[in-house]
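Work through the exercises below with the sequence and the 3D structure at hand. Each task is followed by a solution in steps.

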Amino acid sequence: MPFAAPAHNLLVDDIDGDGRPDLALTSHHQNYTQVFYQRAPRQFLPGRQIDAVGFHPGELMRYPFTTDRRLYIMNAEGVNRLLVFEPDRNGDLHLIAELGAKAPRSGTFFNWPAWGKGIALTPFAESAIYLVKDFDPLSGHFGGSAELPFRPSGTYAHAVSAADIDHDGSDELFFSNTLSNVVSIIRQPPPGAEPVIEPLWSFNPGGRPEKVIPADIDQDGDIDLLIPDATDKRPLDRTDINVLLNDGQGRFALAPIQFPSRHRSAGGITGIQELDFAKDRDGYGYIAAAGYEAVVFMRIPAGWKGETPQSRSVPLQGIQAITRACLIDIDGDGWLDLAFSRTHDQISGVILWGPLWEHAKQLVDEGVKID
Ligand SMILES: [Ca+2]
Ligand SMILES: [Ca+2]
Ligand SMILES: [Ca+2]
Ligand SMILES: [Ca+2]
């Protein structure tokens with residue numbers, strides 16, 4: 001995808017509403033978003049550069065709670081705002097509402113019946129998470145907010161995610177604290193109480209988990225949590241995808257999957273930059289995890305209990321900084337495709353077409369590197 005700037009964010013969604021997923025790439029440093037419209041299967045038309053996202057834009061998110069209108073919210077970090085965009089009939093994005101927020105870089109939407117539809121935000125260089133209550137994206141109005149500071153301060157969260165892990169109809173929020181190797185949870189508070197941060201899981205030192213990806217990895221109907229190590233657990237000389245398997249009541253058991261990045265002792269750059277999980281047409285679940293030197297696919301059968309999965313590792317040409325990976329069927333053939341964004345100066349959007357498990361084998365057998 002000929003996005004001609006380092007891409008710090010990628011959204012795959014049917015932005016123009018024609019039934020085919022499109023790609024929106026954002027450059028944090030060159031201050032624009034650009035949509036690539038899939039006008040026929042695997043054929044994309046680049047849209048204009050959208051500068052209305054402001055200085056140093058962050059993550060662009062699809063608002064999930066409207067079905068009649070497609071709304072997109074930009075974490076406009078550099079202008080201290082959330083900006084709401086709506087596509088016109090051609091799919092071109094126009095600003096329709098905004099609200100002030102302190103340096104938002106990433107976020108997620110959540111549903112707490114007592115709060116209405118909310119947004120959780122992780123700000124840049126602020127040692128806190130912000131929650132916005134009862135947010136109306138059409139007007140930018142909201143029903144209140146909460147700032148939850150981290151203790152100790154001086155620690156940060158790079159991302160926050162939401163999932164209902166105990167089937168009670170309200171989402172739980174998850175983030176990891178990069179300095180203490182703790183994954184934290186925020187639950188819907190009881191009536192009249194304020195939300196609080198609670199520890200959910202503490203990992204061994206090292207690994208530096210940054211993201212929590214909710215996904216039902218064993219296909220038992222309960223959302224599990226995938227937490228990739230952003231670097232190696234140095235005393236152990238290994239990098240893991242830390243999987244927390246959910247018993248259905250929101251109680252977890254750890255099932256680590258070792259990631260085949262080179263070891264630090266061998267001179268490689270360790271760690272996982274981005275990860276996604278989805279179920280494919282063949283009934284297997286797949287992890288796609290991007291290290292610095294390879295994109296690794298792992299095949300997870302239904303009923304998985306922590307066994308070492310089969311994996312196929314497609315090397316990258318040189319060290320690449322991959323900023324977002326999305327496993328989703330883009331061309332509509334029913335097979336998952338992998339889209340990722342990276343910080344090249346040109347061609348910063350990449351798609352690997354499915355069936356990915358077979359194509360990964362071909363690429364490995366032919367010695368092809370992703371350039
Ligand atoms: Ca489309
Ligand atoms: Ca819940
Ligand atoms: Ca599960
Ligand atoms: Ca496909």
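**Exercise 1. Describe the surroundings of Pro-228: which residues, apart from neighbours within four places in sequence, is Pro-228 in contact with?**

Step 1. Setting aside residues within four places in sequence, Pro-228 is in contact with Pro-209, Lys-211, Ile-241, Ile-272, Leu-275 and Ala-289. Two residues are in contact if their C-beta atoms, placed from the backbone, lie within 7 Å.

Step 2. The model is a predicted one: local features need pLDDT of at least 70, side-chain atom pairs count only at pLDDT 80 or more, and totals for chains, interfaces and linings use all residues. Residues are numbered from 1 along each chain as its sequence is written, while chains are lettered from A and ligands numbered from 1 in the order in which they are written.

Step 3. Pro-228 belongs to strand E18. Helices (H or I, at least four residues) and strands (E, at least two) are DSSP runs, numbered from the N terminus.

Step 4. Because 28 other C-beta atoms lie within 10 Å, Pro-228 is buried. A residue is buried if 20 or more other C-beta atoms lie within 10 Å of its own, exposed if 12 or fewer, and partly exposed in between, with C-beta atoms placed from the backbone.

Step 5. Pro-228 and Gly-271 are 43 residues apart along the chain, and their C-alpha atoms are separated by 8.0 Å.

**Exercise 2. Work out the sheet that contains E18: what is the order of its strands?**

Step 1. The order is E17-E18-E19-E20, an open sheet of 4 strands with antiparallel pairing. Two strands pair if DSSP finds at least two bridges between them.

Step 2. At the edges are strand E17 (213-215) and strand E20 (252-259), each of which pairs on one side only. From one strand to the next, the twist averages 25 degrees. Axes here are lines fitted to C-alpha atoms, for helices over the stretch in contact, and angles run from 0 to 180 degrees between N-to-C directions.

Step 3. Strand E18 (residues 224-228) pairs with E19 in the antiparallel sense over 4 bridges. Within this pair, Leu-225 stands opposite Leu-244 in E19.

Step 4. Strand E19 (residues 239-246) pairs with E20, also antiparallel, over 8 bridges. Asp-240 stands opposite Gln-258 in E20, and Ile-241 has Ile-257 of E20 opposite.

Step 5. E19 and E20 form a hairpin with 5 residues between them, and Gly-248 in the turn has a positive phi of about 100 degrees.

Step 6. Because 7 of its 8 residues are buried, E19 is largely enclosed by the rest of the structure.

**Exercise 3. Place Ser-27: is Ser-27 buried or exposed?**

Step 1. Ser-27 is buried, since 23 other C-beta atoms lie within 10 Å. Ser-27 is part of strand E2 (residues 22-27).

Step 2. Not counting residues up to four places away in sequence, Ser-27 touches Ala-5, Pro-6, Ala-7, His-8 and Tyr-32. Pro-57 is 30 residues from Ser-27 in sequence and 7.2 Å away in space, C-alpha to C-alpha.

Step 3. E2 takes its place in an open sheet of 4 strands with the order E1-E2-E3-E4 and antiparallel pairing. The edge strands, each pairing on one side only, are E1 (9-13) and E4 (43-50). Neighbouring strands of this sheet are turned by 20 degrees against each other on average, direction ignored.

Step 4. Strand E3 (residues 32-40) pairs with E4 in the antiparallel sense over 6 bridges. Gln-34 has Gln-49 in E4 as its bridge partner.

**Exercise 4. Examine the largest nonpolar core: which of its residues touch the most other members?**

Step 1. Leu-226 and Tyr-286 touch the most other members of this core, which has 93 residues. A nonpolar core is a set of buried Ala, Val, Leu, Ile, Met, Phe, Trp, Tyr and Cys residues joined through C-beta atoms within 7 Å.

Step 2. Strand E23 (residues 294-300) gives the most to this core, with 6 residues.

Step 3. Beyond its neighbours within four places in sequence, Tyr-286 is in contact with several residues, including Phe-297, Met-298, Arg-299 and Ile-300.

**Exercise 5. Summarise the chain: how many helices and strands does its secondary structure come to?**

Step 1. The secondary structure comes to 1 helix and 27 strands.

Step 2. Buried residues make up 44% of the 371 residues in the chain.
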